[in-house]
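Visitor: Hey, could you walk me through this one? I'd like to start with the fold and then ask about whatever catches my eye.
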Protein chains: 2
Amino acid sequence: MKPTQIVSRRRGDGKSLLTREAIVSAALELIRRDGLDGLSMRRVATALDTGAASLYAHIHDLDELLSLVLDSALSGVRIPRAREQWDKALEQIVLSYLRILFRHAGVARLAISTIATGPNSLRIMEAILQLLEQAGCSAEDAAWGTDLILHFAASTAAEQRARRANLLKEISKTLEEIDAALYPRVYALRRDLLSGGIDRFLWGLRAIVKGILGESGTVRKELTSVKHR
Amino acid sequence: MKPTQIVSRRRGDGKSLLTREAIVSAALELIRRDGLDGLSMRRVATALDTGAASLYAHIHDLDELLSLVLDSALSGVRIPRAREQWDKALEQIVLSYLRILFRHAGVARLAISTIATGPNSLRIMEAILQLLEQAGCSAEDAAWGTDLILHFAASTAAEQRARRANLLKEISKTLEEIDAALYPRVYALRRDLLSGGIDRFLWGLRAIVKGILGESGTVRKELTSVKHR
DNA sequence: ACCTGAACACCGTTCAAGT
DNA sequence: ACCTGAACACCGTTCAAGT
C-alpha cells in the first residue's frame with residue numbers, strides 16, 4: 001500500500017543513521033567527557049536518541065565497543081616518516097601515544113586492560129618493532145621490548161590521570177601520615193614517589209630502552225640456566 | 001523485660017560476627033574464585049549471610065573494600081632478611097609479589113588501577129627503595145624506579161591472567177589473520193609477542209633495573225635542557 | 001552501635017514484536 | 001535488515017526502622 005514509507009525508521013525524523021562509526025564516536029565523546037566510568041551502553045544509546053538494545057545490531061557487546069573506542073582514539077597517534085635517528089623517532093611515537101592517552105581520560109585505563117589488536121595498535125607496534133631492530137635489538141627482544149614500552153606508557157598515562165582527580169590529595173595526605181620510623185625511605189621520598197610529569201616519563205622510557213638494548217643477546221642464555229636450577 | 005536478649009543479632013544463630021576482617025577475607029575468597037568481576041558488595045554480603053547494606057557499617061564503599069583486599073593479598077609477599085646481594089634480593093621480592101598477584105586472578109588488575117598505600121604495599125616499597133639505594137641509585141631515581149618495577153610486575157601478572165582465559169586463543173587467532181604485508185614485523189613476531197612466562201618477566205625486570213642504574217645521575221641534567229627546547 | 005528490608009537509580013543483554 | 005519496548009538478572013548506595 002505505502003511502499004515508499006518502508007524505509008529505515010531513522011530517516012525522516014531528525015535522527016541520523018545508526019552506524020558502527022556513529023556508535024564508536026559517540027562512545028569516545030562520552031569517555032572523553034566523563035571518563036571510563038561515564039561510559040555505558042545505555043548512555044551511548046541515549047546520546048544517539050535510541051535504546052540500548054538497538055546498539056546490538058551493530059556491535060557484539062560492551063567489550064567490543066571498548067576495543068573499537070581504544071583503536072579509534074589511537075588513530076591520532078603520529079608516526080614520523082624519516083627514521084634516521086631511531087631514538088628520536090621512538091620518543092616521538094611514544095610521546096604521541098602518551099599524549100593521546102592523556103587527552104581522553106579513561107582511554108588510558110582501557111589501554112592497560114586490553115591487549116589491543118586494532119589496526120592503529122598494529123601500526124604503532126609495527127613502527128616500534130622496526131625502530132628497535134634498527135637500534136640493534138634481536139627480533140625477539142624487540143617483540144618483548146615493544147610490549148614493555150607500550151605498557152609503560154599506558155601505565156604512566158593512567159596514573160597521571162588518577163592524580164588529576166581529587167585522588168592525589170588523598171594519597172599524598174595518606175603518605176604524609178605514615179609511620180616514618182617503620183617506612184623511613186617511603187616517608188623521605190613521599191614527594192618523589194608522586195612527582196613527575198613528562199620528565200619522569202622520558203626518564204623511564206630511556207631507562208627501559210637502555211635496559212632492553214643492554215639485555216639483548218646475553219641474557220636469554222642465562223635465563224635458561226636459571227630455569228633448571 | 002528481657003535484657004539478656006538485647007545482644008548483637010549476629011549471636012545466637014549460626015552467623016559469625018560481622019567485622020571488617022571477615023568482610024575483607026570473604027571478598028578475597030570471592031575474588032580468588034571468580035575474578036575481579038565476580039566481586040560485588042551484594043555477593044560479599046550473601047557470602048556472609050547478610051544484606052549489602054550491613055557492610056556499610058564497617059566499610060565506607062566498594063573502593064575502600066578493594067584497597068583493603070589488595071593489601072590483604074599483599075600480606076603474603078615475602079621479603080628476605082639478608083640483603084648482601086641486592087640483585088638477588090630484589091628478584092626474590094618482585095617474584096614473590098608477582099606470584100601473589102598471579103595466584104589470585106583479579107588482584108593483579110586491582111594492583112594496576114590502585115595507587116596502593118596500605119601497610120603491605122609500604123613494606124614492599126620500603127624494601128625495594130632500600131635495595132635500589134644499595135645498588136647505587138640516587139634517592140630520587142630509586143623512588144621512580146620502585147614505582148616502575150612494581151607497575152611492570154602488576155602489568156605482567158594482569159596480562160598473564162588475561163591470557164589464561166579463552167582470550168589468548170582469540171587474540172592469537174586475530175594476530176594470525178592480520179595483513180602480513182601491512183604489518184610484516186608484527187606478523188613475523190606474532191608468537192613472540194604473546195609468548196613468555198617467568199623468563200619474559202625476569203628479562204624485563206633485569207632490563208628495567210639495568211636501565212634505571214644506567215640512567216642514574218646523568219640524565220636529569222639532559223632532561224632539563226630538553227624541557228627548554 | 002550494629003544490623004536490616006526496602007527503595008532508588010542505575011547496569012548489560014535478550015527477545016518477541018514491529019517496520 | 002534494522003530498530004524498538006519491555007523484561008530479566010544484576011549493580012552500589014541510602015535511609016528509616018528495628019534491636
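Visitor: In what order do the elements of chain A run from the N terminus on?
Guide: They run α-α-α-α-α-α-α-α-α-α-α-α-α. That goes with 13 helices and 0 strands in chain A; helices (H or I, at least four residues) and strands (E, at least two) are DSSP runs, numbered from the N terminus.

Visitor: What should I know before I read numbers off it?
Guide: This is a predicted model, where local features need pLDDT of at least 70, side-chain atom pairs count only at pLDDT 80 or more, and totals for chains, interfaces and linings use all residues. Residues are numbered from 1 along each chain as its sequence is written, chains are lettered from A and ligands numbered from 1 in the order written, and side-chain values use heavy atoms, with hydrogens and water left out.

Visitor: OK. What share of chain A is buried?
Guide: Of its 229 residues, 48% count as buried. Buried is under 20% relative accessible area, exposed is over 50%, and partly exposed is in between (1.4 Å probe, protein chains only).

Visitor: Now the interface. How many residues does each chain put into the contact?
Guide: Chain A gives 55 residues and chain B gives 55 residues, contact being heavy atoms within 4.5 Å. The area buried between the two chains is about 5700 Å², with 69% of it from carbon and sulfur atoms. Buried area here is the accessible area (1.4 Å probe) that two parts lose on being put together, summed over both.

Visitor: And how many salt bridges are there between chain A and chain B?
Guide: The count is 6, a salt bridge being a side-chain nitrogen of Lys or Arg within 4 Å of a carboxyl oxygen of Asp or Glu. One pairs R200(A) with D147(B), whose closest N and O atoms are 3.1 Å apart.

Visitor: Which helix gives the most to chain A's side of that contact?
Guide: α12(A), with 13 residues. The residues on that side divide into 28 nonpolar, 11 polar and 16 charged. In that split, Ala, Val, Leu, Ile, Met, Phe, Trp, Tyr, Cys and Pro count as nonpolar, Asp, Glu, Lys and Arg as charged, and the others, Gly among them, as polar.

Visitor: I've clicked on G211(A). Is it buried or exposed?
Guide: G211(A) is buried, with a relative accessible area of 0%. It sits in helix α12 of chain A. Leaving out residues up to four places away in sequence, G211(A) touches A207(B) and G211(B).

Visitor: Switching to chain B: what does R206(B) form a salt bridge with?
Guide: With E91(B), the closest N and O atoms being 2.7 Å apart. R206(B) is in helix α12 (residues 198-215) of chain B and E91(B) in helix α5 (residues 86-103), so the pair ties together parts 115 residues apart in sequence. Both R206(B) and E91(B) are buried.

Visitor: And back in chain A, what about D37(A)?
Guide: D37(A) forms a salt bridge with R109(A), with the closest N and O atoms 3.5 Å apart. D37(A) is in the loop between α1 (20-34) and α2 (41-47), while R109(A) is in helix α6 (residues 107-113), 72 residues apart. D37(A) counts as exposed at 62% relative accessibility, and R109(A) is partly exposed at 40%.

Visitor: Last one: how many salt bridges does the structure hold over all chains?
Guide: 20.
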